[in-house]
Amino acid sequence: MADNSLPLVTDPGARTATRRDRLRAVAVEADLDAIIISNLVNVRYLTGFTGSNAALLVRPNGADVLATDGRYTTQARAQAPDLEIVIERACAPALAGLAARNGALRLGYESHVVTIDGLAHLQSAMAGLGSGTEPVSIHAAVETLRAIKDGSEIEALRAACGIADRALASLIADGGLRAGRTEREVGRDLDNRMLSLGAEAVSFETIVAAGANSAIPHHRPDEAVLAGGDFVKLDFGATYAGYHSDMTRTFVLGAPAAWQRDIYDLVATSQRLGREALTVGAAVVDVDAAARTPIVEAGHGPAFTHGLGHGVGLEIHEAPGLSALGAGKLEADMVVTVEPGVYLPGRGGVRIEDTLVVGTDGPDLLTLTSKELVAL
Ligand code: ZN
Ligand code: ZN
């Protein structure tokens, strides 16, 4: 019997301190006197703190400061015991003022998340101190760090994927995927199974798309009734310790028609080639092309309407993007999805998606549900 116990993923300071040290190296490299992090997901990644209002000051001397408001005093001390904590409702301006008072001249900030108003607040907090502090964009420096997962992150992702695998297996074993049910009923059933198996939440609104709806890549489940002969596409995931799983499987209710078998086999071949192309050093555009080529050659290129995959972690979509428009190369311990699809409007569509860890010995598959065409 499989070991279904979930790992205890706690958030000890050692890991978050290591991550802050990596950001500190970015600060030194860019000649910054301090960095303010205001993206809450990045604050969580760097501190372990999960509250809904926070900012983090990372300083070259290691004296990092977490700001949050009075609702979170206890939680911040428990989740980030290694950090000095400032209680202030306007978190980022408070930290900007602190940095300016301490003589910071070049203050890094996340220009891709700070609004124009937010930047004005930072500047007014620094103005009048006579320090001459100037804000400098660090772009998506933390998102770049997050693309490469550490061991605890990979274990959380593996646990999240395992929950999704077991939920789908139990749904099928109990006959939950059958003609006569609505898409919405199937979606809620699958969600409840993930939650009872230990998911903190679902990764995103579960996609259940039957019949012609399966040709809509991100169809929202509605009152459509599953019928014999339908493709049924399920795209879903669980979160565990903050980390998201992502998997798509497509089934046929009853015996598949020849056209269904054909596009299923085509997408399965594409998906296998995409997984095989996940090698350390591969350009993301080449991974996309490896999976896209057979679909284009079969004349279905225009029916594969999205990129091949995406990074997954504390967010469902994160770096790197695997698409023809992507940039960069795969590195060891990136966690990505491979999810080609062919969608024939008015008839039906197939997508097959796995989540995998890129590694020097080939990818490590985290979503283990079979990809054979299953006729239910
Ligand atoms: Zn998905
Ligand atoms: Zn996905």
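**Close-up 1. Two buried glutamates at the second zinc site.** E339 and E353 are both buried in this predicted model. They turn up together among the protein donors of the zinc ion (ligand 2), which are D246 (OD), H310 (NE2), E339 (OE) and E353 (OE), at 2.1 to 2.2 Å from the ion. Along the chain, these donor residues follow the spacing D-x63-H-x28-E-x13-E. The angles among the 4 donor atoms run from 77 to 150°, and the site is irregular. E339 sits in the loop between β15 and β16 (341-344) and E353 in the loop between β17 and β18, so the pair ties together parts that are 14 residues apart in sequence.

**Close-up 2. The neighbouring zinc ion and the bridge to it.** The zinc ion (ligand 1) is held by D235 (OD), D235 (OD), D246 (OD) and E353 (OE), at 2.0 to 2.6 Å; note that D235 is listed twice, each time with an OD atom. The spacing of these donors along the chain reads D-x10-D-x106-E. Here the 4 donor atoms subtend angles of 56 to 151°, so this arrangement is irregular. D235 belongs to strand β9, while E353 is in the loop between β17 (348-351) and β18 (354-357), so this pair ties together parts that are 118 residues apart in sequence. Both D235 and E353 are buried. What bridges the zinc ion (ligand 1) and the zinc ion (ligand 2)? D246 does, and the two ions lie 3.1 Å apart.

**Close-up 3. An aromatic pair between two loops.** This is one of 2 aromatic pairs in the structure. F49 and Y72 have their ring centres 5.7 Å apart and their planes at 85°, so they pair edge-to-face; over 60 degrees is what that label takes. F49 comes from the loop between α2 (40-47) and β2 (54-58), and Y72 from the loop between β3 (65-68) and α3 (73-79); with their positions 23 residues apart, the pair links distant parts of the chain. F49 and Y72 are both buried.

**Close-up 4. F231, W259 and an arginine over the ring.** Now for another edge-to-face pair: the rings of F231 and W259 have centres 5.6 Å apart and planes at 85°. F231 is in strand β9 (residues 231-236) and W259 in helix α9 (residues 258-276), so to speak a strand-and-helix link between distant parts of the chain, 28 residues apart. Is W259 buried or partly exposed? W259 is partly exposed, with a relative accessible area of 25%, whereas F231 is buried at 1%. R347 lies over the face of W259, at 4.3 Å from the ring centre.

**Close-up 5. A second arginine over a ring.** Here the ring belongs to F304, and the charged end of R292 sits over it. The distance to the ring centre is 3.9 Å.

**Close-up 6. Helix α4, mostly under cover.** Of the 11 residues in α4 (residues 91-101), 9 are buried. Among them are C91, P93, L95 and L98, along with several alanines. What do the buried residues of α4 pack against? They pack against β1 (34-37), β2, β3, β5 (106-109) and α5 (116-126). Just after the helix, G103 takes a positive phi of about 90°.

**Close-up 7. Cysteines without a disulfide.** Take C91, at the start of α4's residue range: C91 is buried, with a relative accessible area of 4%. C161 is buried too, at 0% relative accessibility. The disulfide count for the structure comes to 0.

**Close-up 8. Some backbone oddities.** Most residues other than glycine have a negative phi, and most peptide bonds are trans. Against that background, the bond from A319 to P320 is cis, with omega near 0°, and P320 lies in strand β14 (residues 318-322). H139 has a positive phi, near 55°; H139 is in the loop between β6 (134-137) and α6 (141-146) and counts as exposed, at 56% relative accessibility. D333 also has a positive phi, near 75°. That residue, D333, is in the loop between β14 and β15 (335-338) and is partly exposed, at 32% relative accessibility.

Note on methods
Residues numbered from 1 in each chain as written. Chains lettered and ligands numbered in written order. Predicted model: local features only at pLDDT ≥ 70, side-chain atom pairs only at ≥ 80, totals over all residues. Heavy atoms only, no water. Phe/Tyr/Trp six-rings, centres within 6.5 Å; stacked < 30°, edge-to-face > 60°. Helix = DSSP H or I, 4+ residues; strand = E, 2+ residues; numbered from the N terminus. Buried < 20%, exposed > 50% of the residue type's maximum accessible area, 1.4 Å probe, protein only. Lys NZ or Arg CZ within 6 Å of the ring centre and 35° of its normal. Donors = N, O, S within 2.8 Å, 3.2 Å for Na, K, Ca; no water. Tetrahedral: all angles 85-135°; square planar, octahedral: opposite > 155°, others 65-115°. Contact = heavy atoms within 4.5 Å. Disulfide = S-S within 2.5 Å.
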